[in-house]
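I wanted to go through this structure with a notebook open, looking up charged pairs, helix faces and helix packing in turn. These are my entries, in the order in which I made them.

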Amino acid sequence: MTALGPLPVRLPSARATRRRASGGVSLPALGLVLPAVALSAIGLLLVWSATRGRPGSTLPERQAVSVGIGVVLMWAVSRIDLRLLRAYVPLLYLLGLAGLVAVLTPLGRTINGSHAWIVLGNGLQFQPSEFAKAATLLALATVLGELRDGERRPGAGAVLLALGVAAVPVGLIALQPDHGTALVFLVLTFGVIAVSGAPKRWFAAFAAAGAAGVLLVWRLDLIRPYQLQRLMVLADPDADPMGMGYNATQSRIAIGSGGLLGKGLFHGEQTAGHFVPEQHTDFIFTVAGEELGFLGGACVILLMLALLWRGLWIAARSPSPFGTVLAGGVVCWLAFQTFVNVGMTMGLLPVAGLPLPFVSYGGSATISSLAAVGLLAAVNRRTRTPRIGQSRRGA
C-alpha cells in the first residue's frame, strides 16, 4: 500500500506458483541475487585496487570473507518463513538496541570521529548500527503491517507507535554521533510509513515538523562548525581545496580523469597515489570512475537500479501488508544510501560518511546489505495466488 492507496496486486502465474512450491529459483529471486552478487564482486576488485601498495594490507581478504558470510546469510534469510520470523521480531529489535547501547559503554571504540564500533580484538570489529537497520525495519513492518479487521491502512496509533520504535535507535545513534546513519533510519521510517498507506495528512505533519526543526537548529546555532563548512564547500567546492573541500576536490578529479572507458583496473593514478581519503570505503565509487570510466560507473548504478526495481516489484505484489512494508523499507534503505554515496563522491551532496551498498569495504555494512536482499527474497517466496475473497493480511 502507498500513501495514495493500496498497492496494486498482480497475481503470479500458475507456473511461477508451482516453481516456488517446488523450491525452485524464481525470476524475481534471480533479479535480486544476481545484481547483489555482481556488485559484491565488483566491490572486491575495487577494494583490491584501492588498497594495493599498502604494506601488509589484508583488507581485500577480509572483504572477501565478509561477502562470503553475507551470501550465506542472504540464502539462509531467504528461506525463513515470514510467519516464524515475525514471532522473533521483538527479540531482534531488542538485540539491535542492545548493540547500540553497548557502543556507548567502554566496549565501544571511536573510528573516524564516530563512537560507533565494537572491537573484538585481532583487528575484528563491527558496527552495531548496520545490523540495527534490519532489526528496526522488521519492527516497523510488524507495527504497520498488523491491520485490524476492516482496516485498509494503519491507524494513528500504529503510525505513532512506529515513530516511537524508530526514535529509540535514532537517538542512540545520534549520541555516537553518526548523523549519516541516523538520517538513513529517518528516511527508512518515513519511507515505510508511506508504503504502508498511511493518510497523507501525516506527511504534511512531517513536513511541518521538519521545517520547524531546521528553523530551531538555525535559531539556536546548533550546527557545528565542520557541518557548516561542509555546506559551504558544497556551494563552492574550490573555496577550500586543501581543507574541508579536499575530499570532494580529489574525488571529482579521480572520477573525471577516467573519461568514458577509464584507465583500466589497477591503473588509476589517483587511486595508486591514495589521493582520495577513505577511498576503499565511503569513496569507493571514485575507483570505479577513474579505472572503469563512465561506462563502469554506469554499470554499478544500473546493477543497483535493477535490484531496486525488482524490490519494488516484490513489494507491489506481496499479498500481505507486512511483506509490502518490509520490501519497501529495504528498497528505501538501499536506494537512499546509494543516492547519497554517489552524490557526495561527485560533489553533488555533502560528505555524509555512508558506504555504497555491496561495494564499499566494511564487513558490517556488506553483511547487513546482503541479509536485506535475503529479506526481499523471503517476501518474494510468500507471494502467491490468494484464494477468492482472501484478505491481504498476514504473512
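**Entry 1: a residue in a short helix.** Before assigning anything I noted that helices here are DSSP runs of H or I with at least four residues, numbered from the N terminus. I also noted that I am working from a predicted model. On that basis I placed Leu 85 in helix H4, which covers residues 82-87. I then looked up its accessibility and found 10%, so Leu 85 counts as buried, the cut-off being under 20% relative accessible area. Leaving aside neighbours within four places in sequence, I listed the contacts of Leu 85 as Ile 80, Leu 92, Leu 138 and Leu 375. For one of these, Leu 138, I looked up the separation from Leu 85, which is 53 residues in sequence and 9.0 Å in space, C-alpha to C-alpha.

**Entry 2: two helices side by side.** Leu 138 and Leu 375 turned up again when I looked at H6 and H15, where both belong to the contact between the two helices. I noted that two packed helices are described by the angle between their axes and the distance between the axes. For H6 and helix H15 (residues 363-381), the axes come within 8 Å and cross at roughly 25°. Angles under 35 degrees count as roughly parallel, and H6 and H15 are therefore roughly parallel to each other. On the H6 side the contact is made by Glu 130, Phe 131 and Leu 138, while H15 contributes Ser 364, Ala 365, Ile 367, Ser 368 and Leu 375.

**Entry 3: salt bridges.** How many salt bridges does the structure hold? I recorded five.

Since Glu 130 was already on my page, I began there: its side chain meets that of Lys 133 in a salt bridge, at 3.1 Å from N to O. Both residues lie in helix H6 (residues 128-145), three residues apart, which is about one turn of the helix. Buried or exposed, I asked of Glu 130? Glu 130 counts as buried at 3% relative accessibility, and Lys 133 is buried as well, with a relative accessible area of 1%.

The next pair was Glu 291 and Arg 52, whose side chains meet in a salt bridge at 3.5 Å, N to O. Glu 291 lies in helix H13 (residues 284-317) and Arg 52 in the loop between helices H2 and H3, so this pair ties together parts that are 239 residues apart in sequence. I noted that Glu 291 is buried, at 1%, whereas Arg 52 is partly exposed, at 22%.

Glu 290 forms a salt bridge with Lys 263, with the closest N and O atoms 3.6 Å apart. This pair links distant parts of the chain, 27 residues apart, with Glu 290 in helix H13 and Lys 263 in the loop between helices H11 and H12. Glu 290 counts as buried at 0% relative accessibility, and Lys 263 as partly exposed at 31%. I also recorded that Lys 263, Glu 269 and Glu 290 are linked in a network of salt bridges.

**Entry 4: the two sides of H3.** I closed with H3, which has 20 residues and reaches 28 Å from its first C-alpha to its last, close to the 28 Å expected. Its buried residues include Leu 59, Gln 63, Val 67, Gly 70, Met 74 and Val 77. The buried residues cover an arc of only 110° around the axis, which puts them on the same side of H3. On the other side of H3 I found Val 65, Val 72 and Trp 75 exposed.

Note on methods
Residues numbered from 1 in each chain as written. Predicted model: local features only at pLDDT ≥ 70, side-chain atom pairs only at ≥ 80, totals over all residues. Heavy atoms only, no water. Salt bridge = Lys/Arg side-chain N within 4 Å of Asp/Glu carboxyl O. Buried < 20%, exposed > 50% of the residue type's maximum accessible area, 1.4 Å probe, protein only. Expected span 1.5 Å × (residues − 1). Arc of directions from axis to C-beta. Axes fitted to C-alpha atoms, helices over the stretch in contact; angles between N-to-C directions. Parallel < 35°, antiparallel > 145°, perpendicular 65-115°, else oblique. Contact = heavy atoms within 4.5 Å.
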